[in-house]
Amino acid sequence: MDWTRGHKGVISGAVTSKSRSGLERALLTVNPGGYAFARRLEGEGSVFIPPGAFSGCLDGDEVEIRAWPSEKGEEGRVEGVVKRGRERLVGILHKHTNTKYYLEMDDRRIIWPVRVNGGPNGAFPGEVVAARIVSYPETGKDMIYVEVEKALGQPGDRETEILRILVEHGVDPEFPPEVLEAAKSTPTKVRPEDLEGRADLRDLPFMTIDPPDARDFDDAVCVVEENSDPASLSHRLYVAVADVSHYVPEGSVVDLCAQARCFSTYLPDRAIPMLPEQLSTHICSLVPEQDRLAMVVSMRVNAAGEVSDPKAMAAVIHSRRRLTYADAAKVLGDGKSREPAEVQERVEDLRAVADRLRARRLRQGAVELHLAESKIILDEDDKERIRDVVKGRSSTEMSRAYNLIEELMLAANEAMGALSQEHELCVPFRTHDKPDEDKLVLLATAALSLGVQVDPDKLHHPRGVQKFLSKIATRDRAEALNSMMLRAM
């Protein structure tokens with residue numbers, strides 16, 4: 001079943017192609033209480049939509065609104081639907097009469113009754129089902145009509161709830177047949193004709209460092225000493241990412257499927273890749289001891305962590321080693337690593353370069369938030385049971401292993417940004433707005449209750465944030481304050 005097709009297109013309802021005079025486009029968020037808020041897609045702020053003023057619209061719809069001032073802020077009404085945000089619903093199937101069925105919705109934002117067109121399609125009352133919307137409401141009193149596509153299982157079962165999440169977020173665990181067929185024709189090895197116009201970096205000691213359960217290896221790194229003189233010490237850093245574009249032509253069925261998925265989806269017991277396995281875990285994965293095509297950025301890093309001479313190239317590489325973060329942590333920690341001496345030396349060189357880069361970033365005012373990352377451990381014999389929830393970075397050494405890759409990837413992104421500016425390339429980039437004033441006041445109040453005084457005005461500047469985070473680093477509830485800082489930013 002293809003749960004993603006058509007998700008980006010206009011479905012049904014009152015459709016407009018352009019905003020008409022006096023109307024604004026917005027994204028609708030419905031409250032279970034029967035009212036809604038419309039967040040402007042251009043401009044700032046949200047508009048309150050009272051009950052009865054968004055007839056026929058569902059939570060997540062892109063709409064056109066007309067707004068006006070009111071005593072409590074802006075108020076408005078929906079004038080039309082631009083694009084439907086939902087084409088499928090998940091709910092518990094119930095029998096209304098001998099031949100009619102309806103869905104009980106867990107999502108309380110769906111405030112209209114949901115009736116089933118036709119039969120249950122093999123599902124039984126009491127089961128959770130995925131259903132496709134065939135008729136949207138046109139007035140506040142109308143119903144949503146759906147057709148049952150598939151039974152997902154019994155409510156509360158782990159597998160049922162996972163499938164529910166996937167359907168609700170438009171993630172299809174299966175690839176369409178035409179995509180799988182196209183993936184079959186992908187080469188299994190790098191061919192001589194693939195090397196044309198590429199830099200040959202197969203003699204460089206690249207390695208990958210990933211979680212232990214990683215199925216594909218997207219990036220590889222290495223450093224080569226250029227100058228060992230302490231007065232002018234420098235290394236050349238290489239960061240490689242798998243060149244997927246070589247095997248996925250723009251506009252192909254595989255490319256269009258990947259665009260619809262946008263990313264790989266990771267769940268506690270499985271990963272749903274963006275690309276078919278033939279690509280994601282084989283030819284587009286930087287597996288050890290195999291030639292692989294990659295896009296590589298290199299740069300010189302001196303003793304002060306300053307970067308110069310960035311270069312970007314299409315290349316072929318040959319990864320020498322696949323390490324986990326735990327493997328790297330052992331090298332950086334107690335000295336009990338069983339890795340060969342040359343591998344340990346390479347990891348230590350990578351960490352040394354990462355330390356220089358990090359020190360430079362901090363001198364420039366970079367903000368480092370310390371947030372807990374949890375990993376769910378399922379019972380091996382009973383996958384319905386959670387055996388434990390552990391920290392993803394359980395020690396200082398593990399944190400340093402993760403940070404090693406983070407620093408090198410950040411340096412690669414900055415180098416590409418510099419090259420893009422130098423060559424006046426048109427590329428997308430992200431900037432962060434000023435922190436939210438109200439959230440900073442709330443953060444300062446929470447910090448004061450823990451005995452830490454901070455002026456919210458000083459948190460508008462990186463140095464002020466650095467000092468605040470340093471001050472709370474060893475305090476109780478430091479993780480909560482770090483989280484509040486992130487939300488304010």
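**A tour of the predicted model, starting at Cys257**

Select Cys257 to begin: with a relative accessibility of 10%, Cys257 counts as buried, where buried means under 20% relative accessible area, exposed over 50%, and partly exposed in between, for a 1.4 Å probe and protein chains only. This is a predicted model, in which local features need pLDDT of at least 70 and side-chain atom pairs count only at pLDDT 80 or more, while totals for chains, interfaces and linings use all residues. Residues are numbered from 1 along each chain as its sequence is written, and side-chain values use heavy atoms, with hydrogens and water left out.

**The cysteines**

Stay with Cys257 and add Cys262 to the selection. Why is there no bond from the sulfur of Cys257 to the closest cysteine sulfur? The closest one, in Cys262, lies 11 Å away, which is too far for a bond, since a disulfide is a pair of cysteine sulfur atoms within 2.5 Å. Select Cys284 next, which is in no disulfide either, as the nearest cysteine sulfur, that of Cys257, is 14 Å away. Cys284 counts as buried, at 5% relative accessibility. By this rule, the count of disulfides comes to 0.

**The second largest pocket**

Now select Pro211, Asp213, Ala214, Tyr266 and Lys375. The pocket to look for here is the second largest, which holds about 1,300 Å³ of space; of the 41 residues that line this pocket, the five just selected are the closest to its centre. On a 1 Å grid over the protein atoms alone, a pocket is an open set of points with protein on both sides within 12 Å along at least five of seven lines, a cavity is a set of points where a 1.4 Å probe fits but cannot get out, and lining residues have an atom within 4 Å of a point. Grid points are joined across faces, edges and corners, and a volume is the space filled by probe spheres set on the points.

Colouring by element helps at this stop: the largest share of the lining, 5 residues, comes from strand E20, and the elements that give two or more residues include helix H4 (277-283), strand E20 (374-378) and helix H7 (396-422). Helices (H or I, at least four residues) and strands (E, at least two) are DSSP runs, numbered from the N terminus. By class, this lining has 20 nonpolar, 6 polar and 15 charged residues, with Ala, Val, Leu, Ile, Met, Phe, Trp, Tyr, Cys and Pro counted as nonpolar, Asp, Glu, Lys and Arg as charged, and the others, Gly among them, as polar.

**The cavity**

Next, select Pro205, Met207, Val221, Cys222, Val223, Arg346 and Leu350, which line the largest cavity. About 30 Å³ of space lies inside this cavity. Strand E13 (219-227) and helix H6 (341-363) each supply at least two residues of the lining, and E13 gives the most, with 3 residues.

**Asp61 and Gly22**

Move to Asp61, in the loop between strand E3 (46-49) and strand E4 (62-70). Is Asp61 buried or exposed? At 0% relative accessibility, Asp61 counts as buried. A polar atom of the Asp61 side chain lies 2.9 Å from the backbone nitrogen of Gly85.

Finish at Gly22, in the segment before strand E1 (24-30), which is exposed, with a relative accessible area of 53%. Leaving aside neighbours within four places in sequence, Gly22 is in contact (heavy atoms within 4.5 Å) with Ile65 and Arg66.

Conventions. Polar contact = N/O pair within 3.5 Å; in protein donor to acceptor, adjacent residues only side chain to side chain.
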